[in-house]
Amino acid sequence: MLLRKRAEDSNQHPVAENGSYTAFRKRRFSRRSKIIVAVLVVFLLAVPIVLLAKSLYAYKSIVQTHTGVSSEVLTKKDTEFDSKTEADGRVNILLLGVGDAGHAGSTLADTMIVASIDPETKDVAMLSLPRDLYVSIPKNGKNKINAAHAFGELKKVGEGPNLSKEVVGQVLDIPIHNYLRVDFTGFKKVVDVLGGVSVDVPQALLDPEYPCEKDERRACGFSLQSGTQAMNGSLALQYARCRKGNCGDDFGRASRQQQVLMALRKKALQLSTLTNPTKLANVIDTAGSHIRTDLTMAELTRLADILKDVKSEQVRSKVIDSESEKLVQTATIAGASVVIPVEGDGKFDHIRNFTHSLFYDRHIADEKVPVTIIDASTNPKLVTATVERLKGYGYKVVEVQKVEPKTNSELIDGTGGKAKYTRRYLEARFGLTASESTAHGEGVTLIIGSKNNIKNGD
């Protein structure tokens, strides 16, 4: 059942077609802050280990039971962990932003960011997903991706994040190990407790339809000059909320969301803030009741230790959008405005390849092994898809050769033992056992046979 938006505002949250699901109803709720996940930074990227230890009691109330796929990289030292597939070496965390309890549409996840971290190299990348991305939701048909959280909560309170993890993982073709969910109530207070944030505004903004703070049924407008701006909680909220006028659409708002998130992280890391017990206590008191996560205390502590020294400029941030990355387009399906991949509804290959290249595996990058594909099949589409998928993961595909059809597929390692992980990953991906030979060169060669006895790499 497709959820549609209210007619008076095409960017409103969707509501059930039959009107039975009242949690989807709202007025201007979608204009609420899209940077509510910034609150999480104080805990995940900024708070030192000693603070986490002292706040054990508070964290017990927010840590939820973990379900789904787990990651071992946070529980083992790198010397003890041995990756079996490309996805093993990183931990992928879904950051969810939802509304306050009691508000219409509060169970819709309008903020969805995947933060991917390599604990060994401390590489951090973030990817924002458009809330209107049209996807399949298990046992609920096709809908906007932000409805996954609502459907999960409708089934059982607390299940929204788990269903969201499952859906996002399917769309991006990566495991989503954990989640952090926060509502927007504490955002302004957290910013103010930290003494505000400094944000570089690239261009002057004007949103004449921006709603009044105390009466969102009325428009009070919003304007902001370009340049470095010192923002308190209210201004930071407005900066991230505006989406009319020249503020851009949800894609532009997603970029500003990441921008303010990093500004908040930078401020929280400043010594004058972190050493102020009163401010830190206020942050915990403000955000504690508005956060839920399935990360354990040990995992949170490890993450804080990993990320506390990562510089903001080192964090790679991307948005699945229609302009910069050109990965999606808008469309109308069943009378609703939705976002679909540029290839068409349900065709996520380009988005997945982009995700893999953003959340790259360090072993593939380090080994830089040339991979040759030999097409001995009768299925050119499979070969093309295989090449694109491998390039997306960061494999160095150097050549594609067409030969006479051959029955079985083969994997040949000509590196003399220099491609430990590349060989292991390809064996696991295609269900093959590699032989050793330099007959095809000193790289790795994948022969795709006509019998198509290899897996499609999905």
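**Exercise 1.** In this predicted model, find which residues of the largest nonpolar core touch the most other members, and which helix gives the most to the core.

*Solution.* Start with the core itself: it holds 36 residues, and Val114, Ile145, Val168 and Leu172 touch the most other members. Next, see where the members come from. Strands E3 (91-98), E4 (111-118) and E5 (123-128) each supply at least two residues, and so do helices H4 (147-155), H5 (160-172) and H12 (349-358). H5 comes out on top, with five residues. Now zoom in on Val168. Skip its neighbours within four places in sequence, and you're left with contacts to Leu94, Met112, Val114, Leu129, Ile145 and Ile176. As background, nonpolar side chains tend to be buried together in soluble globular proteins.

**Exercise 2.** Work out whether Glu299 is buried or exposed, and what its side chain has around it.

*Solution.* First, place it: Glu299 is in helix H11, residues 297-307. Then check burial and charge. Glu299 is buried but has no salt bridge. The nearest side chain of opposite charge belongs to Arg302, 9.2 Å away, whereas a salt bridge needs the atoms within 4 Å. Now look for polar partners: a polar atom of the Glu299 side chain lies 2.9 Å from the backbone nitrogen of Thr296. Finally, list contacts beyond four places in sequence: Leu74, Thr75, Asn178 and Asp294.

**Exercise 3.** Zoom out and describe the whole chain.

*Solution.* Count the elements: 15 helices and 21 strands. Of the 458 residues, 55% are buried. For contacts with a separation of 6 or more, 71% link residues 24 or more positions apart. As for the surface, about 19,500 Å² is exposed, with carbon and sulfur atoms supplying 50% of it.

How values were computed:
Residues numbered from 1 in each chain as written. Predicted model: local features only at pLDDT ≥ 70, side-chain atom pairs only at ≥ 80, totals over all residues. Heavy atoms only, no water. Core = buried A, V, L, I, M, F, W, Y, C linked by side-chain atoms within 4.5 Å. Buried < 20%, exposed > 50% of the residue type's maximum accessible area, 1.4 Å probe, protein only. Helix = DSSP H or I, 4+ residues; strand = E, 2+ residues; numbered from the N terminus. Contact = heavy atoms within 4.5 Å. Lys, Arg positive; Asp, Glu negative; His and termini not counted. Polar contact = N/O pair within 3.5 Å; in protein donor to acceptor, adjacent residues only side chain to side chain. Areas by Shrake-Rupley, 256 points an atom, 1.4 Å probe, with all protein chains shown as cover.
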